[in-house]
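Trainee: I should like to go through this structure with you, taking one element at a time. May we begin once it is displayed?

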Amino acid sequence: MRLLVIGGSVFLGRAFVEEGLRRGWEVTVFNRGRTQADPDGVRVIRGDRERPEDLARLAAAGPWDAVVDVCGYVPRVVKASVEALAGSAATYLYVSSINARPGWPAEPVDESSPRHECAPDAGPDDGDYGKLKVGCERAVEEGFPGRALILEPGLIIGPHDLARRLTWWLRRAARGGRMIAPGAPGREMQLVDARDIAAFGLDRIVAEDAGTYLVSGTPANTTWGEFLDTCVAETGGRAELVWVGDELLLEHEVAVWTELPLWAPERGETAAVWRPSSAKAIAAGLRCRPVTESIRDTAAWLFGPGGLDEAFGPDRTGREARPLTPEREEVLLAAADQ
């Protein structure tokens, strides 16, 4: 199989590349070469997907059995890639997001849930992250009719994660001492490893499948207690978990989702944050490794050579990632002790 990955050097794109190489496929990556080194064993084509001449050169380098697009955020940019590659590939797999479904995270969602409204030629100022993702989906569906695969991941973890969610908790646990554990230890979560998404996506390509799959992981595949206990164990056991309830955190205006990464109270706008459905994908063969394995492998990468630095910035949704400072954590711990 000949696979083209647009992106391919970071996190989910890297997972697709490495899974393709593991299967013995011929893998080409197309990127600007500015983020991280490409995995060994790939064919590299440098270029900018926003430059028509670069897209034309990319199309001429085909054909491919499939294109995997992991870095499309603006519909008209994705549309240009789709139009350039429509005659050079059999399948176009586009990685979207659960944010395409406006009901999430307030209510459970699946593939039948309404999508945002967004035109396939929308520009970067025509909507927020979730809306623009839908415009990208529609650009792919229109450009590859009957040959489009859309994956809508939930909360992704695993090695090479630059979103700084799991990695923040691992760094915090490694620092040791009394450590805030938000919510309740029995609260269920639903996480998915990038490598499992990649394996599922390539399986669907082999099956010559088309359509949309929500890939958020196995329901209730961990709890906050297991998640944080594993983070502590994988970083030397130096941290002591102090459970702090939602009410106290909200009283102190702790920013949901970002100040304590992944934390969101199960009520109101985030009532169903951990209850999307991957039933269709699971029935089609999505297989998810234990979350504890994902945490262990991420810790091994994070604290090994070439691991992630501690800089924070906006995530792909545009939210500024400003996790809890040690000083603010001390204030919250003191409040919890009263």
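Trainee: What span does helix 6 reach from its first C-alpha to its last?

Mentor: This is a predicted model. Helix 6 has 13 residues, for which 18 Å is expected at 1.5 Å a residue. The span in the model is close to that, at 19 Å.

Trainee: Is helix 6 largely enclosed by the rest of the structure or not, and how many of its residues are buried?

Mentor: Buried residues lie under 20% relative accessible area. In helix 6 they include Ala 194, Ile 197, Phe 200, Leu 202 and Ile 205, and the charged residues Asp 196 and Arg 204 are buried as well. Helix 6 is therefore largely enclosed by the rest of the structure, and the number of its residues that are buried is ten of the 13.

Trainee: Which residue caps the N-terminal end of helix 6?

Mentor: The cap is made by a side-chain oxygen that lies 2.8 Å from the backbone nitrogen of Arg 195. The residue that supplies this oxygen is Asp 193.

Trainee: Which residue just after helix 6 takes a positive phi?

Mentor: The place to look is just after the helix, where one phi is about 55 degrees. The residue with this positive phi is Glu 208.

Trainee: How many residues apart in sequence are the parts that the salt bridge of Asp 193 and Arg 289 ties together?

Mentor: The side chains of Asp 193 and Arg 289 meet at 4.0 Å, N to O. Asp 193 lies in strand 10, whereas Arg 289 lies in the loop between helix 9 and helix 10, so the pair ties together parts whose separation in sequence is 96 residues. As for accessibility, Asp 193 is buried at 2%, and Arg 289 is partly exposed at 23%. The separation asked for is thus 96 residues.

Trainee: Which residues are linked with Asp 193 and Arg 289 in a network of salt bridges?

Mentor: Side chains of opposite charge can pair when their charged atoms come close. In this network, the residues linked with Asp 193 and Arg 289 are Arg 195, Asp 196, Glu 293, Arg 296 and Asp 297.

Trainee: Which residue of helix 6 meets Arg 287 in a salt bridge?

Mentor: Arg 287 lies in the loop between helix 9 and helix 10, and its partner in helix 6 is 84 residues apart in sequence. Arg 287 is exposed at 56% relative accessibility, while the partner, Asp 203, is partly exposed at 23%. The side chains meet at 3.4 Å, N to O, and the residue asked for is Asp 203.

Trainee: How many disulfides does the structure hold?

Mentor: A disulfide requires cysteine sulfur atoms within 2.5 Å. For Cys 118, the nearest cysteine sulfur is that of Cys 136, 7.4 Å away. For Cys 231, the nearest is that of Cys 288, 18 Å away. Neither Cys 118 nor Cys 231 is in a disulfide, and the number in the structure is zero.

Trainee: Is Asp 69 buried or exposed, and which side chain does a polar contact of 2.6 Å join to that of Asp 69?

Mentor: Asp 69 is in strand 4 and is buried, with a relative accessible area of 0%. A polar atom of its side chain lies 3.2 Å from the backbone nitrogen of Cys 71. Asp 69 also touches several residues, among them Ile 6, Arg 49 and Val 78. The side chain joined to that of Asp 69 by the contact of 2.6 Å is that of Tyr 92.

Note on methods: Residues numbered from 1 in each chain as written. Predicted model: local features only at pLDDT ≥ 70, side-chain atom pairs only at ≥ 80, totals over all residues. Heavy atoms only, no water. Helix = DSSP H or I, 4+ residues; strand = E, 2+ residues; numbered from the N terminus. Buried < 20%, exposed > 50% of the residue type's maximum accessible area, 1.4 Å probe, protein only. Expected span 1.5 Å × (residues − 1). Polar contact = N/O pair within 3.5 Å; in protein donor to acceptor, adjacent residues only side chain to side chain. Contact = heavy atoms within 4.5 Å. Lists of a residue's contacts leave out its neighbours within four places in sequence.
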